[in-house]
Amino acid sequence: MRPLLMVPEMLLFGGGLAVMISGSFLPRRRQWWTGVVAATVLIAAVVAAVVEAAGPNLAAFEGTFAVDATTGVARILAAAGALFTLAVAVGEVRGSPRESETYALLLFSSTGVLIMAGAADLLVLATGFLLTSIPLYGLIGLARSAKAAEAAMKAYLIGALFGIVLFLGISVLYGVTGATRYDELAGRLGAAPAAAVAAGVVTVLAGLMFEAGSVPAHFWVPDAAEGANGTAAMFLTTVPKIGALVAVYRLAAVLPGTIHWPLLVAVFAVASMTLGNLAAYWQQDPRRLLGWSTVSQVGFLLVPITVIGHTALAGPSLLFYLGAYTLTNSGAFAVTTALPDRRDLGSYRGLAAARPWLAAALVVALLGLVGTPPTAVFVGKLTTAAAAWDGGQAWLAVVVFANTLISLFYYLRWIIPSFQEVADASTGKFFVPSRWSSSAAVIAATLSLALGISAGAIWPLLT
């Protein structure tokens with residue numbers, strides 16, 4: 001056992017405890033210190049993840065937790081996504097009664113994301129699922145509004161339901177194999193009854209779809225994105241997806257060919273990207289639109305998982321797309337938190353004239369989510385479609401391109417008003433953005449462009 005292999009996880013969880021305890025004693029005017037602690041811990045976790053990712057592939061706690069390149073990338077992305085969320089939170093909850101609690105919940109949930117990403121055992125996966133979910137419910141309900149309460153209750157009930165489904169699947173797989181570690185499952189699932197294995201796999205994957213925000217467990221995402229505060233909305237649509245999708249990737253790699261699991265994942269992918277796009281088209285609230293956009297993006301991210309073992313592009317395309325999505329979605333949500341009172345697409349009219357840098361960040365983020373070159377999501381979608389084609393799933397590549405085209409229309413419904421002139425030139429003075437969120441939006445958009453341009457240099461690091 002080498003517990004030091006889990007330094008990033010220990011840093012985040014320990015930091016969460018420190019923030020929670022110290023926040024109970026600090027006066028409200030000094031709560032900002034807990035934000036400094038949270039930021040320091042997240043930066044330290046990124047550094048530790050980079051150091052460990054440069055080393056050989058190892059396993060911690062008797063092979064139940066994988067410390068490899070995939071875990072390293074997931075750690076870096078999750079901590080970076082949490083850092084962007086923290087920047088938004090500073091501007092949104094600074095001086096509020098729940099400031100330190102917000103930071104603590106972010107760190108605790110991020111710890112669960114890291115555990116899910118590195119889990120090489122079904123029981124560890126269940127632990128990560130719970131540690132990610134429970135703080136998330138609290139984050140959603142922090143807004144203290146009717147919509148936030150409804151969203152928190154919906155997230156809790158759906159999370160509890162799909163958590164039970166996940167545990168049922170784990171019980172079935174353990175019952176037919178007598179094992180929970182992935183390396184042992186790989187050797188035993190093929191000899192187990194196919195019907196029982198199929199039932200276990202379906203329920204485990206369905207449970208993980210809650211954290212991913214995919215069909216069939218997607219119902220809570222748009223409501224939470226709309227009803228929660230900007231901090232929670234940005235976090236829940238970004239960071240948990242990293243752990244959930246990497247967890248699905250790891251599990252799929254050990255599933256036997258006796259069941260048609262790629263078809264199941266493909267159905268989830270197509271249903272998510274199509275339903276998310278169609279539902280987003282009619283939304284007027286920008287955060288709800290981004291909530292449905294999240295459902296759609298997860299569908300794209302599931303595509304490489306369907307061709308694991310059939311093409312070398314599967315793993316790298318998933319990891320690159322996750323990085324691209326983390327930056328781009330963070331930038332889009334940061335714009336909405338910079339202008340929290342703008343809860344209608346039409347209310348962004350005149351933004352480009354009043355705040356050109358913020359409008360530019362919005363355009364880069366939204367066109368990035370479409371998959372427009374040279375943004376990072378363009379490379380992610382291109383390599384995802386290439387992986388599907390190379391892996392013998394050409395029809396999935398066609399679906400990816402078709403849904404990409406469909407998504408352009410509802411993102412334009414937000415971009416166009418931002419560049420339209422307003423009847424009253426003085427209207428621009430009402431665009432008074434939050435400094436922290438504006439900075440986060442511009443930085444995230446810039447990094448999205450930089451990642452897309454430098455994709456050729458980064459790609460070898462993911463293979």
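A good place to start is the surface: in this predicted model, Phe13, Leu17, Met20, Ile21 and Phe25 make a nonpolar patch of about 500 Å². One of these residues, Ile21, sits in helix H1, which covers residues 7–23.

**Salt bridges across the chain**

Let us turn to charged side chains. How many salt bridges are there? The count comes to 10. The table introduces three of these pairs.

| Pair | Closest N to O | Citation |
|---|---|---|
| Asp68 and Arg250 | 2.8 Å | salt bridge |
| Glu226 and Arg288 | 2.9 Å | salt bridge |
| Asp285 and Arg343 | 3.1 Å | salt bridge |

Take Asp68 and Arg250, whose side chains meet in a salt bridge. This pair links distant parts of the chain, 182 residues apart: Asp68 is in the loop between strand S2 (65–67) and H3, while Arg250 is in helix H11 (residues 239–252). Are these two residues buried or exposed? Both Asp68 and Arg250 are buried.

Next come Glu226 and Arg288, which also join through a salt bridge. Glu226 belongs to helix H9 (residues 220–227) and Arg288 to helix H13 (residues 286–302), so this pair ties together parts that lie 62 residues apart in sequence. Glu226 is buried, and Arg288 is buried too. The two also take part in a network of salt bridges that links Lys147, Lys154, Asp223, Glu226 and Arg288.

The pair of Asp285 and Arg343 has its closest N and O atoms 3.1 Å apart. Here the partners come from loops: Asp285 is in the one between helix H12 (261–280) and H13, and Arg343 is in the one between H14 and helix H15 (351–354), so the salt bridge ties together parts that are 58 residues apart in sequence. Asp285 has a relative accessible area of 11%, so it counts as buried. Arg343 has a relative accessible area of 29%, so it is partly exposed.

**Helix H8 and the loop after it**

Now look at helix H8, residues 194–212. At 1.5 Å a residue, its 19 residues should span 27 Å, and the end C-alpha atoms are 26 Å apart, which agrees. Which residue follows H8? Gly213 does, and its phi is positive, near 80°.

The loop between H8 and H9 also holds His218. With a relative accessible area of 4%, His218 is buried. Which residues does His218 touch, leaving aside its neighbours within four places in sequence? His218 is in contact with Gly213, Leu275, Trp292 and Val295.

**Helix H19 and its buried face**

Finally, find helix H19, which runs through residues 435–453. This helix has 19 residues and reaches 27 Å from its first C-alpha to its last, close to the 27 Å expected at 1.5 Å a residue. Its buried residues are Ser437, Ser438, Ala440, Ala441, Ala444, Ala445, Ser448, Leu451 and Gly452. Why do they line one face of the helix? Seen down the axis of H19, the buried residues fall within an arc of 165°, so they line one face. On the other side of H19, Arg435 and Ile453 are exposed.

What do the buried residues of H19 pack against? Their partners are helix H3 (69–93), helix H14 (314–338), helix H16 (356–370), helix H17 (376–390) and helix H20 (455–462).

Technical notes: Residues numbered from 1 in each chain as written. Predicted model: local features only at pLDDT ≥ 70, side-chain atom pairs only at ≥ 80, totals over all residues. Heavy atoms only, no water. Helix = DSSP H or I, 4+ residues; strand = E, 2+ residues; numbered from the N terminus. Expected span 1.5 Å × (residues − 1). Buried < 20%, exposed > 50% of the residue type's maximum accessible area, 1.4 Å probe, protein only. Arc of directions from axis to C-beta. Contact = heavy atoms within 4.5 Å. Patch = residues over 30% accessible without salt bridge, like charges linked within 9 Å, V, L, I, M, F, W, Y side chains within 5 Å. Areas by Shrake-Rupley, 256 points an atom, 1.4 Å probe, with all protein chains shown as cover. Salt bridge = Lys/Arg side-chain N within 4 Å of Asp/Glu carboxyl O.
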